[in-house]
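Here are a few exercises to work through with the model open in your viewer. Try each task before you read its solution.

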Amino acid sequence: MSKKNRKPAPQGKGFGTSLQSIPTAIARAEQLLARQEFGSALQLLKSLKERHPDHPDILEALANAYHDIGDSIRYEQACSELVAVAPNSVNAALGLAGAYLSNFRPALALGAFRSFLENWPDHDRAADARGVVAELESQIDAYLADMGLVGPEAISVAAIHEKATSLMEWGKYPEVRALEEQVLGNYPHLDAAHHHIMLSYWFEGNAQRAIELCESFFAQNPEDYTALGNLIRFLFLSGNLEAAKQRAEQFKSLNGEKIDFYVKQAESLSYLGDDEGVLATFAAAETAGLRDEAPALLLHFVAVAQMRLGRQAEAKALWEKALDLSESFALAYQNLEDLRQVASDRQGAFAFPLGHWLPQKTIDELRFSLDAFNRSESKSPEEITQLVRDYLTQHPEMVTLVPALLDRGHPKGREFAFYLARHAQTPEMLAALRDFALSDRGPDEMRHQAAQVANRAGLLPAGTVRMWIQGKWRELILLGMEIHAEPTINHPKQVKNLLGEAIESLREEEGAKAEKLLEQALKIEPDAPDLLYNLANAWNLQERHQEAQELIEQIHQSHPDYTFATISVAQMRIKSGDLETARNLLQPLLGKSRMHTVEFSLFCTAQIQFYLADSKPESARAWLNLLRQTNPNHPTLDYWQKRLNKI
């Protein structure tokens, strides 16, 4: 129902005190809609409907809400439910007729508008309705013939089939099959009815039955490209990737005469992530002279392929054209909205809504398990890992689907896949996270988290990794180590006090004072590597560089596990041009599980020096960024930044 047909919600007289708040709640929902708080408004109205499923005022408010947000499918459903409980409502009757027309249900629309005129021939919109009826009557015969329906029962059978289409979109799958079996009783060769039955089993979660019916039907109808496309989809989403690819090659070998052929082919290849194949399909449609007939859906599939191949301008233009053809085409709108986000937050192009990837039953099974888990007292990470692994055992198709969802799924599908992979941490799931982390799909934060998990599992090399960050390929440092501020060597109290005073003197660049304090400490602990190392620093402050270098070399020889000395020796090798030895000294440190903050700052500095000497400024920048993150007040930050700015 359009807004201008709204009327104030009547008071619930005679319905009992529990209904007295309904007008108030509906008014509240309308206020939320006016403020464009659509989610809150719908949640309120759905809650009301759950308590009072047949209340006409609630159903009318729901219909109006769906009209406001442009959801024509749910608008049709709400109008249909309203007509059932309020058959004498002119607004409901006219709203349902309009919904049928908007959702391309011509047989249902013709019947609904005729019924409206029979019941309200003098209504102020009767003239408009007669015009719609005349137009539909001029087109209905061609529509029925295109479906293969002839005879006196044709239009009523078409209406039943259209009703099954509506029920499919509303998730009422047993009802879909019941109606389509009725259709097939009169027209056993109506392919669309067979397709609906197959799809109903698929969406209901019975993949095996859907595939069986699809294979059987296609074997008997080898030219039915719709059945072939559905079979590719069912096989792929069931985890049988190779069989799906073989069928896709079979699809590519076929030639089509109608634009629907190319739409179905592009849809099938989009599931498989065959972007070049989608573009080839569109080119074939152009060669066949069908470009001007391309619907919004085909343009959308091509836009997704273009975007995934890095052709943003072409993708944007195609999505905008798709919206010109169909203003309410949500997928084109959502992808354009994603494109408007800053590069780091973009999800990346996606071809399908979540429901086309996963039956609701599959999602619900995990949700129910997690709900039960969260109600228990124990919530250890090990238990949730086992729960997710049990789920994967029950759904082996996820081995194929998780990488695909991470790569090209709807944002909610990617979140679902990421949750599974992150918690399961099986070899297959960890590999999926690694590949996702190194791709240019999805938001930066999610890929960075995936990289951290894969890195801890040893699937990524420690150190610099090339990752897509903020819309560009950049060198990023992935470290699994913990950065801490705890003492690395324990000393007696007297030594600890002397060392503390010495370090303070070094900070004040009082080398001679620091040397005396350290010599006192060394009389108590003569072989302590940290005391010796700081003594070398004291000598450097006094321009005794040769002595300092020789001492650091000695510390490294005597204490090869002492990180400060190892890094300092590496810096000396970098300065002398011996990069191979420097690399061999620094590389093993990447595998350390813990490093002191001061050690880590020195380590970052050494890596910057190494990559500058090795003519790899991007890697040097990555280490400088890491130094800035972990020690934003480090005194050398400006120096290194200026050095890198000159390159």
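**Exercise 1.** Find which residues W319 touches, leaving out those up to four places away in sequence.

*Solution.* Start at W319 in this predicted model. With sequence neighbours up to four places away skipped, W319 touches H300, A303, V304 and M307. Carry on along the chain and you also pick up A332, N335, L336, L339 and A349 as partners of W319. Now zoom out: W319 belongs to the largest nonpolar core, which has 157 residues. W319 and W357 are the ones with the most contacts inside that core. Apart from it lies another core, this one of 55 residues, including I477, L479, V495 and L585.

**Exercise 2.** Work out how helix α1 and helix α2 are oriented to each other.

*Solution.* First, pin down the pieces: α1 covers residues 22–34 and α2 covers residues 38–51. Next, take the axes, which come within 8 Å and cross at roughly 160 degrees. An angle over 145 counts as roughly antiparallel, so that's what α1 and α2 are. As for handedness, the crossing of α1 and α2 is left-handed. Last, list who makes the contact: A25, I26, R28, A29, L32 and L33 from α1, and F38, S40, A41, L44, L45 and L48 from α2.

**Exercise 3.** Count the disulfides, then decide whether C214 is buried or exposed.

*Solution.* Look for pairs of cysteine sulfur atoms within 2.5 Å. The count comes to zero disulfides. For burial, the cut-off is under 20% relative accessible area. C214 has 0%, so C214 is buried. C604 is also at 0% relative accessibility and therefore counts as buried.

Methods:
Residues are numbered from 1 along each chain as its sequence is written. This is a predicted model: local features need pLDDT of at least 70, side-chain atom pairs count only at pLDDT 80 or more; totals for chains, interfaces and linings use all residues. Side-chain values use heavy atoms; hydrogens and water are left out. Buried means under 20% relative accessible area, exposed over 50%, partly exposed in between (1.4 Å probe, protein chains only). A nonpolar core is a set of buried Ala, Val, Leu, Ile, Met, Phe, Trp, Tyr and Cys residues joined through side-chain atoms within 4.5 Å. Contact means heavy atoms within 4.5 Å. Axes are lines fitted to C-alpha atoms, for helices over the stretch in contact, and angles run from 0 to 180 degrees between N-to-C directions. Helices (H or I, at least four residues) and strands (E, at least two) are DSSP runs, numbered from the N terminus. Angles under 35 degrees count as roughly parallel, over 145 as roughly antiparallel, 65 to 115 as roughly perpendicular and the rest as oblique. A crossing is left-handed if the near helix is turned anticlockwise from the far one by less than a right angle, and right-handed if clockwise.
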